[in-house]
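Good morning, everyone, and thank you for making the time. Before I begin, please take a moment to look over the sequence and the model on the screen.

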Amino acid sequence: MNQGARLRAALALALTGTLVGGFLGTAAAEASGPAGRCFIVTGGRVADGSGGPLRQADVRVCGGTIREVGKAHRPHKHKGERVIDAAGLIVAPGFIDIHNHSTDGLVEEPLAASQVSQGITTLVVGADGESPFPIADYLRDRRAHPAAVNVMALVGHATVRQKVMGEDYKRPANPPEIARMAKIVESEMRHGAVGLSSGLEYEVGSWSTTEELVALGRAAARHGGFYMTHTRDEADRSIEAFTEAIAIAERGGLPLQISHIKLGTVGVWGKTSEVFRLVEAAQKRGMDITADCYPYEAWHANIEILVPSKKYDDPETVRRGIADVGGADRITISSCKKHPDWENRNLEEIAKAEATTPEALFSRIVRDGSANIICHSMREEDVLAFYGRPWVMVASDGGIGSRHPRGAGTFPRVLGRFVREKNALALPEAIRKMTSMPAYRLKLADRGRIRAGARADLVLFDPDMVVDRSTFADPLALSDGIRLVLVNGEAVWEDGKVTGSRPGKVLGRMRD
């Protein structure tokens with residue numbers, strides 16, 4: 001019996017109590033425990049999420065909680081316990097994606113195949129300044145209609161800003177407007193948000209002042225939140241933007257999470273050491289700063305981001321914006337409502353076909369209602385340098401239905417390509433960046449580690465086979481090598497397919 005078949009057999013026995021193919025010999029009696037059946041995961045190497053060495057150990061789960069992490073191959077079976085054979089596999093805590101865009105996806109596709117297939121067991125929505133509103137209603141609906149994964153939410157600055165300013169947002173907010181925003185942030189925090197997010201490079205957020213963000217940060221801080229930001233610039237003014245983010249968090253009195261940290265234009269390639277000096281000097285002052293990073297050299301956003309001055313019809317300004325990212329051939333249209341036939345083609349190709357210039361084509365796209373782009377303007381050396389810092393975790397910036405391969409491939413890509421193939425990260429450290437690090441930021445005391453008392457969000461994967469399969473041409477292709485994923489002790493992904501279970505919980509401080 002091959003490993004996949006053994007896992008299927010073991011899991012069927014563990015979760016249903018049915019003997020499958022005589023795999024474990026005599027069928028055991030019904031499992032004991034305060035909240036349902038118990039089982040042991042045995043024979044695997046445990047990466048407990050701490051970053052410490054792998055070790056052979058057995059993991060006992062009962063009622064969705066880890067009861068014991070014991071000596072390998074010598075499980076002291078309790079009456080009614082089943083066994084899941086994890087020989088040859090790594091047993092890790094479920095991966096926590098702190099930056100995920102599945103707000104609508106969890107409603108439309110609650111089995112979340114593209115997420116659980118890469119080992120994600122908890123995800124956070126509401127990043128980049130855009131969040132469901134009101135959060136209480138969204139989280140209440142997730143409780144009534146659970147998904148396969150656990151969910152948490154941030155309150156988005158841009159969402160709140162538009163609630164207060166409407167379409168008159170293209171200016172700094174005045175003090176009464178900021179006060180109203182702060183009240184909304186406090187209300188959203190009381191009703192389940194775990195922090196404040198911003199997207200200061202995007203249209204609504206870009207008009208805000210530092211003072212506005214400080215005030216909203218203070219409102220989130222009063223309820224134990226953190227500040228997570230897509231900074232005002234990820235290109236030539238990156239250092240300035242990181243400096244502002246640190247100032248907002250420091251003056252606001254709350255921890256800082258820098259979203260998808262990057263150096264996204266040719267002019268700042270290789271300047272990671274400047275970022276490190278800036279962040280680590282603030283950490284030495286006592287600031288709590290972490291960041292997340294995805295393992296790709298291309299970003300995904302709306303096309304207007306290429307021209308931060310917003311002079312979209314000025315050919316010279318547009319030319320500089322295109323040059324900053326390395327040229328028109330690095331900019332691919334991922335979606336465009338007005339011109340769907342341009343999707344998956346780069347700006348240079350489309351301009352030639354349309355007998356125009358890339359600059360004129362850019363201006364036309366903006367006038368026609370915009371487009372989303374994938375821009376290959378980063379360097380892998382910089383990505384690896386960021387992952388080399390102990391304060392940078394793994395996150396996808398993707399989600400269900402994402403048109404960027406990070407939506408389906410982020411976590412297996414790190415494990416397969418960065419850990420196994422490039423030897424750029426040690427496996428235990430990569431697991432820490434996917435588990436206990438985001439759990440710390442989110443104050444999830446019972447997730448992100450394999451230890452007695454933690455919830456049984458677990459991932460079993462083959463370290464020799466795990467790899468991403470999603471590409472820019474086929475962004476929805478699912479990864480290989482993730483054998484079994486458990487959320488709150490229930491299997492949601494097993495040997496290449498979803499199980500149909502939806503045991504995900506709303507985490508945080510939901511108050512009905």
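Which residue lies over the face of Phe276? I should say at the outset that what we are looking at is a predicted model, and with that in mind, the residue is Arg389, which lies 4.3 Å from the centre of that ring.

Let me stay with the rings for a while, since the structure holds five aromatic pairs. One of them is formed by Phe276 and Trp391, whose centres are 6.2 Å apart and whose planes stand at 80 degrees, and because an angle over 60 degrees counts as edge-to-face, that is how this pair is classed. The two partners come from distant parts of the chain, with Phe276 in helix H10, residues 272-284, and Trp391 in the loop between helix H14, residues 380-387, and strand E18, residues 392-394, so that 115 residues separate them. Phe276 counts as buried at 9% relative accessibility, and Trp391, with a relative accessible area of 5%, is buried as well. If you look for Phe386, you will find that ring pairs link it with Phe276 and Trp391 into a cluster.

A further aromatic pair is the one between Tyr387 and Phe418, which is edge-to-face, with 5.9 Å from centre to centre and 75 degrees between the planes. This pair, too, links distant parts of the chain, as Tyr387 belongs to helix H14 and Phe418 to helix H15, residues 406-421, at a separation of 31 residues. Are these two rings buried or exposed? Tyr387 is buried at 2% relative accessibility, and Phe418 is buried with a relative accessible area of 0%.

Before leaving the rings, I would also point out Arg441, whose charged end sits over the ring of Phe226 at 5.9 Å from its centre.

Let me now turn to a sheet. It is an open sheet of three strands in the order E15-E17-E16, and the pairing is antiparallel. Strand E15, residues 299-302, and strand E16, residues 331-335, stand at the edges, and because each has a single partner strand, one side of each is left without a neighbour in the sheet. On average, and ignoring direction, neighbouring strands here are turned by 35 degrees against each other.

How many bridges join E15 to strand E17? There are four, between strands that run antiparallel, with E17 covering residues 372-375. To give you a concrete position to find on the screen, Ala301 has Ile373 in E17 as its bridge partner.

Terms used. Residues numbered from 1 in each chain as written. Predicted model: local features only at pLDDT ≥ 70, side-chain atom pairs only at ≥ 80, totals over all residues. Heavy atoms only, no water. Phe/Tyr/Trp six-rings, centres within 6.5 Å; stacked < 30°, edge-to-face > 60°. Helix = DSSP H or I, 4+ residues; strand = E, 2+ residues; numbered from the N terminus. Buried < 20%, exposed > 50% of the residue type's maximum accessible area, 1.4 Å probe, protein only. Lys NZ or Arg CZ within 6 Å of the ring centre and 35° of its normal. Pairing = 2+ DSSP bridges. Axes fitted to C-alpha atoms, helices over the stretch in contact; angles between N-to-C directions.
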